[in-house]
Amino acid sequence: MTTGWTWHERFGWYDTGRFAGLIPPGGWGEPDLHMENGETKRRLASLVAASGLLDSLVSIPARVATDEEILRVHTPDYLAYLVEQDESPRGGFADIGIGRTTFSHGDLEIAKMAVGGVIEAGLAVARSEVSNAYALTRPPGHHALPHTGLGFCVFANIPLAIHAIRHATDIERIAVVDWDVHHGNGTQDIFWNDPDVLTISIHQDRLFPQFGLVEERGGEGALGSCLNIPLPAGSGRGAYERAFTDVVLPALETYAPQMVIVASGFDSGNFDPNGRMCLGSIDYRWMTEQVMSYVTANCDDRLLVVHEGGYSAWYVPFCGLAVIEAMSGTESQANDPFAAGLADRVAAQLMPHQLEFVEHAATSLAFVRQP
Ligand code: ZN
C-alpha cells in the first residue's frame with residue numbers, strides 16, 4: 001500500500017486578506033483573519049511531518065494547471081475576469097458579485113497550482129502509480145461553478161481532475177463522496193447531466209449554499225447520478241454511520257465506479273466555527289475505512305482524497321491525520337488530544353429525527369443505475 005501526498009508551502013501563502021471571519025472589513029467588524037486562511041491546512045502539513053507519518057508517504061509534486069485544463073470546466077470569461085482581478089495590486093474576488101472569495105495580487109498562480117496538484121494526485125491514483133493519494137491543496141474547490149467562484153472556492157479542483165483523468169486514462173466512471181459540512185453544489189452542477197459521474201454529498205441541511213435537497217437526483221439522461229444526504233444540525237457519529245451503511249455504500253455498490261474521490265471537508269467536525277455537526281477524528285477515520293474497504297474490493301484501491309473546508313485551526317490537523325493514517329495503513333505517534341473529551345458523548349448517538357433524514361435520502365437509491 002503506497003499513499004501519495006500532495007502539498008506545497010505556497011498553498012499556505014494564498015492570502016484571503018483581512019476580514020472579520022466572514023465579513024469584509026469596515027463598519028464595526030474589527031478586521032481579523034478571513035475564515036478561510038492558511039492555518040488549518042498548514043498546521044495539518046506540519047502535523048503530518050512532525051508525527052513521522054510523512055516518512056511513509058510518496059510525494060506527488062503540485063504544478064500549475066494550464067489554461068487548457070482549466071477551460072475544460074470554466075468559461076473563458078471567468079478566467080479572463082480572474083486574470084484582471086489578479087493584476088490589481090490589492091488582488092480581488094473570485095465570486096462575481098458576492099465578495100467573500102478573496103485573493104491577493106499574484107495568488108491566481110497558487111489557485112492554478114491547487115488544480116494542478118489535484119490533477120497530478122488523481123492521475124497517479126488512476127494510473128496505479130500509488131494505491132491512493134491525499135491532496136492537501138488550497139484554495140478549496142467544491143462550490144466553484146463554471147462561470148464563477150463561490151464559498152472560498154476559485155476553481156473546481158475535483159471536476160477538473162476528473163476531466164484530466166478521463167482525458168489521459170481509460171477510467172470513465174467515477175464517484176465523488178463529499179463529507180464537507182456544506183453541500184458540494186459545484187461538483188453536482190458540473191456533472192448534473194453526466195451519467196458517468198456519481199456525486200454523493202452528505203451535508204448539514206439548509207447550510208450554505210442552501211441547496212442539496214434529496215429531490216435533486218441528476219438531470220436529463222443522468223437521473224440517479226446525483227445523491228444528496230442532508231442531515232440536521234447536531235448530527236454526529238450515529239447519523240453519519242447510518243448514512244454510510246444505508247445510503248453511501250449501497251449507492252457505490254450499485255453504481256460500481258472505477259475510482260472514488262472524496263471531497264474531504266473537516267467543517268463537519270465538532271469544533272468547527274462554520275458548521276454545526278459533531279464528528280471527531282475517530283469518525284473521519286471510520287468513514288475513510290469504509291470507503292477504503294469499498295475501493296479495495298472493487299476499484300483496485302483507486303481512492304483520491306481532496307481537502308476542502310474545515311476552519312478549526314487546532315482540530316482540523318487531527319482529523320486530517322486520522323484520514324491519512326487510515327489511507328496508508330499506518331499509525332503515527334501523534335494521538336488526538338481531543339479524543340477523550342469526545343468519547344461516549346450523547347451527541348454521537350443516532351436520534352430518531354436524524355434517522356428520518358437518512359431514510360428520506362435512501363429513497364434516492366432506487367434511481368442509482370448500474371453500469
Ligand atoms: Zn465547507
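**Exercise 1. Work out which way the side chains of strand S11 point, and whether they are buried or exposed.**

Step 1. Met259, Ile261 and Ala263 point one way from S11, while Val260, Val262 and Ser264 point the other way. Every one of these six is buried, where buried means 20 or more other C-beta atoms within 10 Å of a residue's own, exposed means 12 or fewer, and partly exposed is in between, with C-beta atoms placed from the backbone.

Step 2. Now take the strand as a whole: S11 spans residues 259–264, and 6 of its 6 residues are buried. Strands (E, at least two residues) and helices (H or I, at least four) are DSSP runs, numbered from the N terminus.

Before you go on, a word on the model. It is a predicted one, where local features need pLDDT of at least 70 and side-chain atom pairs count only at pLDDT 80 or more, while totals for chains, interfaces and linings use all residues. Residues are numbered from 1 along each chain as its sequence is written.

**Exercise 2. Find the strands that S11 is joined to by bridges.**

Step 1. On one side, 5 bridges join S8 (residues 174–178) to S11, and the two run parallel. Aspartate 178 has alanine 263 in S11 as its bridge partner.

Step 2. S12 (residues 303–307) is also joined to S11 by 5 bridges, again parallel. Here serine 264 stands opposite histidine 307.

Step 3. Follow the chain from S11 to S12: it crosses through helix H9 (residues 281–298), and this β-α-β crossover is right-handed. That is, with the strands pointing away from the viewer, the path from the first strand over the helix to the second runs clockwise.

**Exercise 3. Put the strands of the sheet in order and find its edges.**

Step 1. The 8 strands form an open sheet in the order S4-S1-S7-S12-S11-S8-S9-S10, with parallel pairing. Two strands pair if DSSP finds at least two bridges between them.

Step 2. S4 (57–59) and S10 (226–231) stand at the edges with a single partner strand each, so one side of each has no neighbour in the sheet.

Step 3. Check the twist: neighbouring strands are turned by 20 degrees against each other on average, direction ignored. Axes are lines fitted to C-alpha atoms, for helices over the stretch in contact, and angles run from 0 to 180 degrees between N-to-C directions.

Step 4. Add two helices. H5 (residues 108–126) packs on the sheet, touching S1, S7, S11 and S12, and its direction makes about 175 degrees with that of S7. H8 (residues 237–255) lies across S8, S9 and S10, running at about 175 degrees to S9. Contact takes C-beta atoms, placed from the backbone, within 7 Å.

**Exercise 4. Decide which residues of H9 are buried and which are exposed.**

Step 1. Ser281, Asp283, Tyr284, Met287, Thr288, Val291 and Val295 are buried in H9. They cover an arc of only 165 degrees around the axis, which puts them on the same side of H9; the arc is that of the directions from the helix axis to the C-beta atoms.

Step 2. Ser293 and Ala297, on the other side of H9, are exposed.

Step 3. Look for the cover: the buried residues of H9 have S8, H8, S11 and S12 among the elements over them.

**Exercise 5. Place histidine 8 and say why it counts as partly exposed.**

Step 1. Histidine 8 sits in the loop between S1 and helix H1 (9–13).

Step 2. It has 19 C-beta neighbours inside 10 Å, so histidine 8 counts as partly exposed.

Step 3. Leaving out residues up to four places away in sequence, histidine 8 touches Ala62, Met113 and Gly117.
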